[in-house]
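Hi,

Here is the structure we talked about, with the notes I promised. Have a look at it first, and then read on.

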Amino acid sequence: MNRLNGKTALVTGGVGGIGSAICKKLADAGCKVVANYIDEAHAQEWKAKMAAEGYDFAIVKCDVSSFDDCKAMGEKLNAEFGGVDIVVNNAGITKDGTFRKMSPDQWGAVLNVNLMSVFNVTKQFVDGMMNKGWGRVINISSINGQKGQFGQTNYAAAKAGMHGFTMSLAQETAKKGVTVNSISPGYIGTEMVMAIAEDVRNQIVAQIPIGRLGKPEEIAALVAFLASEDAAFITGANIAANGGQHMM
Ligand code: CAA
């Protein structure tokens with residue numbers, strides 16, 4: 001059933017592991033999907049691959065850590081699509097290291113790409129959503145924003161910050177039909193997780209009661225649900241999908 005016909009969705013980091021699955025699931029639900037990217041060659045290759053699978057995605061280049069870049073993206077998409085109804089703040093990076101070894105650059109890059117971006121991107125579209133009386137902001141946080149993680153003071157701080165943003169903006173937009181929610185994925189089988197040293201990764205998988213990494217589609221399904229009309233009463237929530245690794 002196409003429950004999101006006529007809606008436009010922007011997925012930041014849309015050409016990545018979880019991002020691609022989110023783009024597909026929202027398109028399957030009837031959305032016009034715009035995937036944001038930063039690396040031109042990778043994005044063109046991705047667009048062609050998606051077209052071969054039958055998906056006609058729009059793509060937009062933007063460094064989400066730059067407010068000026070996001071402003072330009074906002075002006076372009078608001079003009080081209082008459083606003084964006086669903087924003088999925090999914091772009092994220094890791095630069096892991098113990099705090100004692102962490103450089104200011106490692107800290108700054110992760111905070112800028114993972115958290116400043118949420119302000120930079122959401123800012124461009126919330127007025128339009130509130131004026132229309134309908135909108136969805138979905139922030140892809142992380143299990144490690146809930147429980148912390150050895151080697152991730154930067155990432156965990158950014159991901160926990162995302163949910164603070166979620167709860168606050170949710171209160172400001174609730175009366176105007178705009179919901180704001182976080183999803184906290186656990187360890188999902190993407191390049192980001194496969195980049196962890198194998199022995200460390202195996203120890204992490206051993207802590208997941210379901211006994212395996214998650215699939216990008218399992219996060220995308222939750223995004224599509226939160227975007228749907230069925231989820232209209234859910235706002236300011238942080239929904240975990242982590243195979244039972246962490247419960248709160
Ligand atoms: N808990 C407690 N102690 C630990 C530990 C842990 N998890 N990991 C390592 N240590 C210990 C080591 O045994 C070592 O002890 P000794 O000095 O006594 O030998 C000490 O801490 C220092 O360890 P290292 O020298 O290995 O530190 P490092 O800087 O080389 O490596 C690290 C640290 C790269 C962060 C490594 O621990 C690591 O890769 N951890 C995993 C980080 C992780 O989970 N990242 C998630 C990426 S995916 C993602 O973020 C997606 C998502 O949302 C889930």
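Below is what turned up, beginning with the aromatic rings and ending with a few single residues.

Please keep in mind that this is a predicted model.

Aromatic rings

A search of the whole structure turns up 3 aromatic pairs. One of them joins Trp46 and Phe57, which are stacked, with 5.3 Å from centre to centre and 20° between the planes. Trp46 belongs to helix 2 (residues 40-52), while Phe57 sits in the loop between helix 2 and strand 3 (58-61), so this pair ties together parts that are 11 residues apart in sequence. Both partners are shielded: Trp46 counts as buried at 6% relative accessibility, and Phe57 is buried with a relative accessible area of 2%. Buried here means under 20% relative accessible area.

The pair of Phe67 and Phe119 is tilted, because the ring centres are 6.0 Å apart and the planes stand at 35°. Phe67 comes from helix 3 (residues 67-81) and Phe119 from helix 4 (residues 104-122), so here the parts tied together are 52 residues apart in sequence. Phe67 is partly exposed, with a relative accessible area of 32%, and Phe119 is also partly exposed, at 42%.

If you are looking at Trp46 and Phe57 on screen, add Tyr55 to the view: Trp46, Tyr55 and Phe57 form one aromatic cluster. Another tryptophan, Trp134, has a charge for company: the charged end of Lys7 sits over the Trp134 ring, 4.0 Å from its centre.

Helix 3 against helix 4

How do the axes of helix 3 and helix 4 cross? They come within 8 Å of each other and cross at roughly 35°, and the crossing of helix 3 past helix 4 is right-handed. On the helix 3 side, Phe67, Cys70 and Met73 meet Phe119, Asn120 and Val121 of helix 4. The tilted pair of Phe67 and Phe119 is therefore part of this meeting of the two helices.

Gly74 is also in helix 3. Gly74 is buried, with a relative accessible area of 2%. Leaving aside neighbours within four places in sequence, Gly74 is in contact with Gln124 and Phe125. Between Gly74 and Val84 there are 8.7 Å from C-alpha to C-alpha, and the two are 10 residues apart in sequence.

Two loop residues

Thr12 and Gln149 are worth a look together. Thr12 is in the loop between strand 1 (8-11) and helix 1 (17-28), whereas Gln149 is in the loop between helix 6 (143-147) and helix 7 (153-173).

Is Thr12 buried or exposed? Thr12 is buried, with a relative accessible area of 2%. Not counting residues up to four places away in sequence, Thr12 touches Asn36, Val64, Val88, Asn89, Asn90, Ala91 and Val121. Val121 is also one of the helix 4 residues that helix 3 meets.

Gln149, by contrast, counts as partly exposed, at 25% relative accessibility. Beyond neighbours within four places in sequence, Gln149 is in contact with Asn144 and Tyr187. The Gln149 side chain also makes a polar contact of 2.8 Å with the side chain of Lys147. Thr98 is 51 residues away from Gln149 in sequence, and the two are 9.8 Å apart in space, C-alpha to C-alpha.

Happy browsing, and do write back with any questions.

Best wishes

Note on methods:
Residues numbered from 1 in each chain as written. Predicted model: local features only at pLDDT ≥ 70, side-chain atom pairs only at ≥ 80, totals over all residues. Heavy atoms only, no water. Buried < 20%, exposed > 50% of the residue type's maximum accessible area, 1.4 Å probe, protein only. Contact = heavy atoms within 4.5 Å. Polar contact = N/O pair within 3.5 Å; in protein donor to acceptor, adjacent residues only side chain to side chain. Phe/Tyr/Trp six-rings, centres within 6.5 Å; stacked < 30°, edge-to-face > 60°. Lys NZ or Arg CZ within 6 Å of the ring centre and 35° of its normal. Axes fitted to C-alpha atoms, helices over the stretch in contact; angles between N-to-C directions. Left-handed = near helix turned anticlockwise from the far one by under 90°.
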